[in-house]
Amino acid sequence: EVLSRTRILYPPLPRAGELLELRGSNRVPCVASIGRFSAEKRYDVVLEVARLMPGTLFIVAGGVYGRASRAYYEWVKSRAPGNVRVLANIPSSVKHLILSRCTAYLHTMPGEHFGIAPLEAAAAGMTPVVHTRSGTWTDVCREGEYCYGYNTLNPREVAEAVEKALEKPKTAPVEHVERFSPERFMKEIVRVVEEVAGSGGTKKA
């Protein structure tokens, strides 16, 4: 009975409409990783993958918040090979430019619960490459239907998945992205609240 009444509400994707408008641009074979600078993001793996693909441009961009984040940003920047651009606190215009031009999005955080950043990339028309042990793989990527996955953080395995994404991109359909729109989220919230209120009102003390 509990399972039959369970509802899954996905986090809403902010500005989904704006991201969908980024589709259709002429893309180049570059790889982007976007998210706050934190050790759990494992940007060290991105750097190792980039070393295995010296002819491909990689962009690591994200927010720097606090001393630990600043230290990690400096660490990543100091160890980046020549084909990696490391950018901090970029404006939305630059972020949208990256999302509209790069082909693949590399997410190197295993165990990610959901992953708004890979969803943003998919909405913009990029092909995400994510760890298969994550909510991103199951909920956003539909277990490989709209992206490529890797099972370990071994740089060679990850690089193989990235190369596949560049050679044969996968684009998530608009209707899939719209499942995560704020409007859809609000409708689901209202529906769940109404169901709970309705079932509560029929119970006898």
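In this predicted model, the axes of helix 2 and helix 3 (residues 66–79) come within 10 Å and cross at roughly 10 degrees. That angle makes helix 2 roughly parallel to helix 3. Helix 2 (residues 43–52) also packs against helix 7 (residues 155–167), here at an angle of about 70 degrees, and the model further contains a largest pocket of about 290 Å³ and 1 cavity of 30 Å³ or more.

**Helix 2 with helix 3**

- On the side of helix 2, the contact with helix 3 is made by Tyr43, Asp44, Leu47 and Arg51, and these residues meet Tyr72, Trp75, Val76 and Arg79 of helix 3.
- Sorted by class, the residues of this contact comprise 5 nonpolar and 3 charged, with no polar residues.

**Helix 2 with helix 7**

- The axes of helix 2 and helix 7 lie 9 Å apart, and the angle between the two helices is about 70 degrees.
- Because angles of 65 to 115 degrees count as roughly perpendicular, helix 2 and helix 7 are described as roughly perpendicular to each other, and their crossing is right-handed.
- Helix 2 contributes Val45, Glu48, Val49 and Leu52 to this contact, while helix 7 contributes Pro155, Arg156, Val158, Ala159 and Val162.
- In the contact of helix 2 with helix 7, 7 residues are nonpolar and 2 are charged, and no polar residue takes part.

**The largest pocket**

- The largest pocket encloses about 290 Å³ of space and is lined by 17 residues, among which Ile34, Gly35, Arg36, Gly62 and Gly63 lie nearest its centre.
- Strand 2 (57–62) and helix 4 (92–101) are the elements that give two or more residues to the lining of this pocket.
- The lining of the largest pocket is mixed in class, with 7 nonpolar, 6 polar and 4 charged residues.

**The cavity**

- The structure holds 1 cavity of 30 Å³ or more, and the volume of the largest cavity is about 50 Å³.
- Its lining consists of Ser33, Ile34, Lys41, Tyr43, Tyr105, Leu106, His107, Thr108 and Met109, with strand 1 (28–34) and strand 4 (102–106) each supplying at least two residues.
- By class, the lining of the largest cavity divides into 5 nonpolar, 3 polar and 1 charged residue.

**Residues that recur**

- Tyr43 belongs to the contact of helix 2 with helix 3 and also lines the largest cavity.
- Ile34 is one of the residues nearest the centre of the largest pocket, and Ile34 is likewise part of the lining of the largest cavity.

Terms used. Residues numbered from 1 in each chain as written. Predicted model: local features only at pLDDT ≥ 70, side-chain atom pairs only at ≥ 80, totals over all residues. Heavy atoms only, no water. Axes fitted to C-alpha atoms, helices over the stretch in contact; angles between N-to-C directions. Helix = DSSP H or I, 4+ residues; strand = E, 2+ residues; numbered from the N terminus. Parallel < 35°, antiparallel > 145°, perpendicular 65-115°, else oblique. Left-handed = near helix turned anticlockwise from the far one by under 90°. Contact = heavy atoms within 4.5 Å. Nonpolar A, V, L, I, M, F, W, Y, C, P; charged D, E, K, R; others polar. 1 Å grid on protein atoms, 1.4 Å probe; cavity = no way out; pocket = protein on both sides within 12 Å on 5 of 7 lines; lining within 4 Å. Points joined across faces, edges and corners; volume = space filled by probe spheres on them.
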